[in-house]
Every structure is written in C-alpha cells, then in structure tokens.
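Trainee: Please take me through this structure slowly, and explain each term when it comes up.

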Amino acid sequence: MNAIPQLVISTLLLGGVYALIAVGLTIIFGVMRVVNFAHGEFLMLGMYLAFWAFTLLGFDPYLTLVLSLPVWLAVGWASYRAVMGPVVNASHNVQVFTTVGLSIVLQNLALVLWTADVRFVRTAYYAVVVRIGGAAFNVAQIVAFGIAVALTAALFAFMRWSYTGKIMRATAQDRQASALMGIDTDRVYALTWAVGITCVGAAGALLAPIYPVYPTAGLQFVLIAYVSVVLGGLGDMAGALIASLLVATVEVFGSYLIGTAWKEVLYLLLFIAILVVRPAGLFGQRGAEALGT
Amino acid sequence: MKAVPAAAVFFAAAGLAPLVVRDAFLLDGLVLILVWGSAAAAWNVAGGYAGQISLGHSAFFGLGAYAAAIVVTRWEVTPWLGLALGAVVATAIGLVIGFLSNRLRGPYFVLATIAFSQVLLIVGSRWRAFTSGSEGIPVPFRPGFWTLGIADKRVWVWIVLALAVLAYLIGVYLERARRGYQLAAVREDEDAALSLGVPARRLKVAAICASAALTAACGALWAQYVGFVDPFYVFSVDLSVRFALAAVIGGLGTALGPFLGAALITTVETYLRAQFGGIGAGLVGIYLIIYGCVLIVVVRWAPQGLVGWVEERLRRHGLVGARP
C-alpha cells in the first residue's frame, strides 16, 4: 500500500490545524469551566478577516494572521467584558445560552453584512503542490501546519513557564484558593478568553487559503474541535493535541477506506461513544462530567 | 399558575382567528407560530422542566418529518400513521439517549445532543436509497383530511392548534402535578432530590421521551403542511437553536412561555421575510441578531423569560397573588 505515506502526512497536516482550534477551546474550558459554543463563529470571523484583507488590501493571509493577533486579543477581551464576564460564575445553563446567543449574533452578523455567498481566498500559491517522496501536498496546508504547531507550542510554553501562565493554571485548579492568594480571577478569565479567541482567530486565517468562507463555515471545524477536546479531556491541552491527531487519523483513514461521504459519521459516533463511556476523556480525571465541572 | 387565563385567551384567539381572517399570509403565519410554539413547548419539557438542555432537538423534528414523508411516498399510507411512527421512533431514541447520557450534565449533555443530530443529518442526506439523500423528499398532495392534503389553511390552524394545546397541557401538568415538582427538584439539585427518594433518572428519561415524541409530531405535521423535507433544514443545529430560543425568551419552564416566544420570533421573521425577500434575503438574519442579543440579556436578567418578567411586574402591582 503506497498510499500510507500520503495518508500519514495528510493526517499530520490536518491534525495540526485542528489542534490550534481545539487548544483555544480547551484552554477556555480548563480555566473558566465554560464550553464556548461560539468558538466556530470566531473561527469563521477569522476566515472572513483573512478574506477581506486579501481581497480589499491584497494582504497575504499569513501577513493578516500576524497583524491580527493583537486585534483578536482585543476582540476577545472586549467580548469577555461585555458578554462572558457577568456570567462566568453563573450556572452552566446560563453560560450555555450566553455563548449560544453570542454564536447566533456573530453568525447572522456575517450573514447580513456579507451574505451567504461562498467565497474563496485565491492566493498565487493555492494550487502549488509539493512532492515529498511519493506523496503530494498543498503548500498552504504545509504552511498552516507549521504555523499551527508553532503557535500551539508557544501557548504551551506560555502556560508552562510564564508567570501569567502559572497564574492561569492555578486559577484552573482552584478558583477560590487562587482568589484567596490575591489573584484577580476576573482578569485571569478575561485573559484566558482573549487567548482562546486569539488561537481560533489565527486558525481562521490559516484555514482561509484552503477552505471556502461562508457564515456557517465554523460549524464543521468546531464539531471536530469538540470531539478532540472531549476526547482529550476537557481542559487538558496536551490531551487536546493528541486527540486532534487521533480525530484527523480517523478522518483521513476513514475517508480513504469508506469514502468521504460517511467520514463524519465515524468521528461523531466516536464522540458519542466517548461521551457515553468515558466523558472525562482519554486523559482526563474520571467523574469530572458528573460533578458538573 | 396565574398564566392560565392568558393562555386561554391566546389559544381561543388562535382558534377563532380563522373565522374572521381569510388572508392566506396571516393564516400561514398563525400556523407557523403554533407549530414552532409546540416544538418549543416540547423542547421545554426536557430543557425547561427537566433542565436537560438539548441543542439537538432537530433530530426528533427531522425524524417525525421523515417518518411522515417516507410513509406517504414509499408505502402510500396515511401520514397520520407516519406521525405515530415518528413519535414512537423518537420515543425509543429518546429512551436510549436519556439512559446513555444520564450521567452527563450541563455542556456535556448539550454536546452529546448536537453530535446526535449531526449523525442523523448525515444519514438523512447520504442514505440515498431510503431517504432520497440530499435532494430531500417532496410530499405529494392528495386531497382529504385522512391524507392531510388540505389546501384550506384554516383547517391547518385547527389541526396544529390541537397539537399546541396538548403541548401546553403537558406544561400545565408539569407545573401542578407531583411528578412536575419532583422533576423541578431534580433540575435544581439532583443529588438532593435523589437523597429524598425521587427517581431522578427515570423522571429525566421520561421527560426526554415525552419531549422527543412531541417534537416528532410537530415535525410530521410541519412536513405535511410545507410539503417538502430537506435534510439540511430539518436536522440543522439552527433549527434546534430556534426551539431553545423561543422557549428561553418566552420563559424557561413555563407552560405558555414557548408559545409567546415563538409568536414574537415568528412574527418578526415573517415580517422581515416579506420586506426583504428575494434580493435582500440576507437581511432577514437581522431578526436572529436581535434575538441572539435578547437571549443573552434574558438569561442574565430575566431567567424566567417573558412570562416570568410579566408575572413579576403584575405581582409587584398586587394584581396577582404570590407564587404558591
């Protein structure tokens, strides 16, 4: 089977981008205990930003990505202050509805402003193919993978070694105790939300040269991110990374073996099975889901 | 509670309107309000009373729609049988989902339901041999009540009104009966309810089953009314969100709330569609931007929705007594 190398590398490339989306979702859950149902919409906005910067200003999506990082931090911070902050200590149902409301607003804002037309970012290199051994790859995919891995690694390092990262992890472990230690948990949540949104906004810029852009474009990716994040244990960054690769494996090999039409069913069934059998994920703590955390 | 006279006025007005109103556009709006209201009330049984927030209820709606459409087109029997079949299948699936996801709380349950409706979306749009795949199923029009081939929209108003009243009465039952109080106890604090001997698991599963069956019935009638089943619509997350939106804005865990929510949302939507249909179709999304904002505001400041807000105002002015 000489298709194997192609499949393996496809898996890696796909998994890298999934990981960046999933990491943003899991960091928000880990620290704030909120599942962000508007995550896909921020991804969609990231794709649109790359599209408009490319179409109107002629910016390359990768240039947009770098320039947009502070923009996303600001958007994340502002949306936390306006929407998420007031409900961060509310019940789960209130938080679910708040993020769902945010998702409805953002999705339809895109629909009203930019219509439901499917748009494409046609860079000069979108059809350029690289050959590695017997396998062929799109340049945009390889670049997306490289940047996604670099950003994810940077986030890991930030969480692991920086003082702010330590504060964020402390808050994730025990919000009361960290508040007693003098940590301003509200600011930590704002920062966490902003960082999570920045990850997914950057992922949008990476996806724009590869996938079509439309108001509901986020849904298919965010479903995969939910699968990865639950599989890896909600809130577990390393788990999300490994699970993203697992999901990509299921997707790539599944579509090779049983055809692209049914590949989504595979990972959705895997998702439901995980939720039923081990909702804490492969690496998470047992019982977390029943505690309502 | 005190909302019963209001509900009586609401449903009586809906039932009498066809005697006065002849305009097909208005009657169509009324049918849609009642269908979406019933679906939201059905969602409310699981989401509002039992606290099992689902964003995958379109799965049951789609099951009902497909059951009715397939029964009619493939086996050429009455769509009423399809409605019953859809309700039975939805109950069975509700049973399975209820038991399997019983441990899951909050966002985990939401994720499980979204995933489930997506599975049905893929099956509905890809299993060409059985569901006609992504093209959807046009429902043939065969005149007669038994075949639900009814051109007169007034009759449709009365048919869906019967369903709406049924959905409302289930809500009233849950507000007054012992089981309803037990369910509320489970919603508020499952562990405390369990320690008092409330059969939490059974109640939650029963609520999900009833909710699923009722939603499927809505789907079956809707498919026969509209005459077309599109898998990407009936199984969409957007549709699930629509049910939840109407219920939360109207009043989570209130019998009349979902109908008020649906009336508000459907009216604005229909108006915008009539205004901007065709070229400016994208502008119709404005109503969802508004309601998305309303949703965020409502869950924060008026968790009992419109009904709770109005009750609160009335009580403050001494117009109604305090809650029992």
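Mentor: Let us begin with helix H11 (263-277) of chain A, where A:Ala273 and A:Val277 are exposed on the other side from the buried residues. This is a predicted model, in which local features need pLDDT of at least 70 and side-chain atom pairs count only at pLDDT 80 or more, while totals for chains, interfaces and linings use all residues. Residues are numbered from 1 along each chain as its sequence is written, and chains are lettered from A and ligands numbered from 1 in the order in which they are written.

Trainee: What makes a residue of H11(A) buried or exposed, and which are the buried ones?

Mentor: A residue is buried if 20 or more other C-beta atoms, placed from the backbone, lie within 10 Å of its own, exposed if 12 or fewer do, and partly exposed in between. In H11(A), the buried residues are A:Glu264, A:Tyr267, A:Leu268, A:Phe271, A:Ile272, A:Ile274 and A:Leu275. They cover an arc of only 160° around the axis, and therefore lie on the same side of H11(A); the arc is that of the directions from the helix axis to the C-beta atoms. These buried residues pack against H9 and helix H10 (237-258) of chain A, together with helix H5 (107-126) of chain B.

Trainee: Why is A:Gly254 called partly exposed?

Mentor: A:Gly254 has 18 other C-beta atoms within 10 Å, and is therefore partly exposed. This residue lies in helix H10 of chain A, and, leaving aside residues up to four places away in sequence, touches A:Lys263 and A:Leu266. The C-alpha atoms of A:Gly254 and A:Leu266 are 7.3 Å apart, although twelve residues separate the two along the chain.

Trainee: How do you know that the length of H15(B) agrees with what is expected of a helix?

Mentor: The expected span is 1.5 Å times one less than the number of residues. The twelve residues of H15(B) should therefore span 16 Å, and the end C-alpha atoms are 17 Å apart, which agrees. For H14(B), the 16 residues should span 22 Å, and the end C-alpha atoms, 23 Å apart, agree with that as well.

Trainee: Why are H13(B) and H15(B) called roughly perpendicular?

Mentor: Helix H13 (residues 257-276) and helix H15 (residues 305-316) of chain B pack at an angle of about 110°, with their axes 7 Å apart. Angles of 65 to 115 degrees count as roughly perpendicular, and H13(B) and H15(B) are therefore described in that way. B:Gly257, B:Leu260 and B:Gly261 in H13(B) meet B:Gly305, B:Leu306 and B:Val307 in H15(B), where a contact needs C-beta atoms within 7 Å. By class, this contact has three nonpolar, three polar and no charged residues, and Gly is counted among the polar ones.

Trainee: What do the buried residues of H15(B) and H14(B) pack against?

Mentor: Those of H15(B), among them B:Val310 and B:Glu311, pack against helix H12 (237-251), H13 and helix H14 (286-301) of chain B. Those of H14(B), including B:Tyr287 and B:Leu295, pack against helix H3 (61-84) and H4 of chain A, together with H12, H13 and H15 of chain B.

Trainee: How many residues does each chain give to the contact between the chains, and which helix of chain A supplies the largest share?

Mentor: Chain A gives 39 residues and chain B gives 35. On the side of chain A, helix H4 (92-114), helix H9 (218-231) and H11(A) each supply at least two residues, and the largest share, 15 residues, comes from H4(A). That side divides into 30 nonpolar, seven polar and two charged residues.

Conventions. Contact = placed C-beta atoms within 7 Å. Helix = DSSP H or I, 4+ residues; strand = E, 2+ residues; numbered from the N terminus. Axes fitted to C-alpha atoms, helices over the stretch in contact; angles between N-to-C directions. Parallel < 35°, antiparallel > 145°, perpendicular 65-115°, else oblique.
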